[in-house]
Amino acid sequence: MSVVLVVDDEPQLLRALQITLSARGHDVHTAATGRRAIAEAAARPPDLVILDLGLPDIDGAEVISSLREHSSVPIIVLSGRTSGGDKVAALDAGADDYITKPFGIEELLARIRAVTRRAAADGPAPAFELGDYLVDLGARRVSARQDGDRGDVRLTPTEWRLLDALVRHPGKLIARQQLITDVWGPVGSEDSSSLRFHLNRLRRKLEPDPSRPRYLITEPGMGYRFQP
């Protein structure tokens with residue numbers, strides 16, 4: 001049985017999802033506000049979060065960012081906002097998937113199965129050395145290996161997802177389209193410029209010489225690889 005936290009300010013939808021997911025064996029908790037969701041997640045850490053963006057107190061993207069400060073729990077956004085900007089903002093904040101309302105319950109259940117499989121396949125988050133840094137994916141921390149000019153490095157949620165997608169397959173070539181899907185999901189299927197932008201930011205933070213990357217390698221015309 002998995003623990004699911006459903007966050008939405010529509011009482012009828014909240015109740016319907018609670019009944020539907022409970023009938024499929026999930027232990028369902030609910031929250032109608034963003035602050036209540038954050039408190040609920042801290043008190044009873046969920047295995048999955050289903051989250052609306054339009055909450056009455058704080059925006060759902062703020063809830064995602066707050067959860068991502070201490071948790072890698074899969075988050076599915078369930079929202080009436082249909083613009084590409086809202087989708088990208090939610091995914092950049094740390095969401096794993098985005099479904100627009102109205103939606104079909106079978107689609108939601110399929111998305112739940114997909115993000116749950118991905119989370120299970122990832123297994124324990126690794127910690128490893130990367131040049132002058134120690135990287136702990138589980139704790140989401142990049143720290144200097146020794147005292148000196150370099151201190152801890154803060155990565156954005158998008159940079160963490162990009163780094164995670166690369167380092168879990170050391171030495172393996174990952175096609176550009178696959179990497180885009182891993183980082184942004186289907187809504188980022190054409191977002192190659194964003195991939196280059198975030199990869200360059202990541203290199204500036206982690207590579208000894210970003211202009212000549214040692215670890216985060218581009219294979220022209222093919223994709224990218226992490227070279228340990």
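This report walks through the central strands, the second largest pocket and several salt bridges of a predicted model.

## Strand S4 and its surroundings

A good place to start is strand S4, which covers residues 75–79. Five of its five residues are buried, so the strand is largely enclosed by the rest of the structure. Its side chains are split between two directions: Ile 75, Val 77 and Ser 79 point one way, while Ile 76 and Leu 78 point the other way.

S4 has a parallel partner in strand S3 (residues 48–51), with three bridges joining the two. If you want to find the register in the model, look at Val 49, which stands opposite Ile 75, and at Leu 51, which stands opposite Val 77. Between these strands the chain passes through helix H3 (residues 60–68), and this β-α-β crossover is right-handed.

Strand S5 (residues 97–100) also runs parallel to S4, and four bridges join them. Here Val 77 stands opposite Tyr 98. Helix H4 (residues 84–93) completes a right-handed β-α-β unit with S4 and S5.

## Strand S3 and its link to S1

S3 is covered on both faces. Leu 48 and Ile 50 lie on one side, Val 49 and Leu 51 on the other, and all of them are buried.

Strand S1 (residues 3–7) pairs with S3 in the parallel sense over four bridges. Within this pairing, Val 7 stands opposite Leu 51. Leu 51 is thus a handy landmark, as this residue also stands opposite Val 77 in S4.

## The second largest pocket

The second largest pocket holds about 320 Å³ of space. Its lining is made up of 15 residues, and the closest to the pocket centre are Arg 68, Glu 69, Arg 154, Leu 155 and Trp 160. H3, strand S8 (141–144) and helix H6 (157–167) are the elements that give two or more residues to this lining.

In chemical terms, the lining divides into seven nonpolar, two polar and six charged residues.

## Salt bridges across the chain

Side chains of opposite charge can pair when their charged atoms come close. The structure holds 16 salt bridges. One of the residues near the pocket centre, Arg 68, is among the partners: its side chain meets that of Asp 96 in a salt bridge (2.9 Å, N to O). The pair links distant parts of the chain, with Arg 68 in helix H3 and Asp 96 in the loop between H4 and S5, 28 residues apart. Arg 68 counts as buried at 6% relative accessibility, whereas Asp 96, at 30%, counts as partly exposed.

Another salt bridge joins Arg 81 and Asp 59, whose closest N and O atoms are 2.8 Å apart. Arg 81 lies in the loop between S4 and H4 and Asp 59 in the loop between S3 and H3, so the pair ties together parts that are 22 residues apart in sequence. Arg 81 is partly exposed, with a relative accessible area of 27%, and Asp 59 is partly exposed at 26%.

Arg 24 and Glu 106 also form a salt bridge, with 4.0 Å between the closest N and O atoms. This pair spans 82 residues, from the loop between helix H1 (11–23) and strand S2 (27–31) to helix H5 (residues 105–122). Arg 24 is partly exposed, with a relative accessible area of 43%. Finally, a network of salt bridges links Asp 8, Glu 10, Asp 52 and Lys 101.

Technical notes. Residues are numbered from 1 along each chain as its sequence is written. This is a predicted model: local features need pLDDT of at least 70, side-chain atom pairs count only at pLDDT 80 or more; totals for chains, interfaces and linings use all residues. Side-chain values use heavy atoms; hydrogens and water are left out. Buried means under 20% relative accessible area, exposed over 50%, partly exposed in between (1.4 Å probe, protein chains only). Two strands pair if DSSP finds at least two bridges between them. A crossover is right-handed if, with the strands pointing away from the viewer, the path from the first strand over the helix to the second runs clockwise. On a 1 Å grid over the protein atoms alone, a cavity is a set of points where a 1.4 Å probe fits but cannot get out, and a pocket is an open set with protein on both sides within 12 Å along at least five of seven lines; lining residues have an atom within 4 Å of a point. Grid points are joined across faces, edges and corners, and a volume is the space filled by probe spheres set on the points. Ala, Val, Leu, Ile, Met, Phe, Trp, Tyr, Cys and Pro count as nonpolar, Asp, Glu, Lys and Arg as charged, and the others, Gly among them, as polar.
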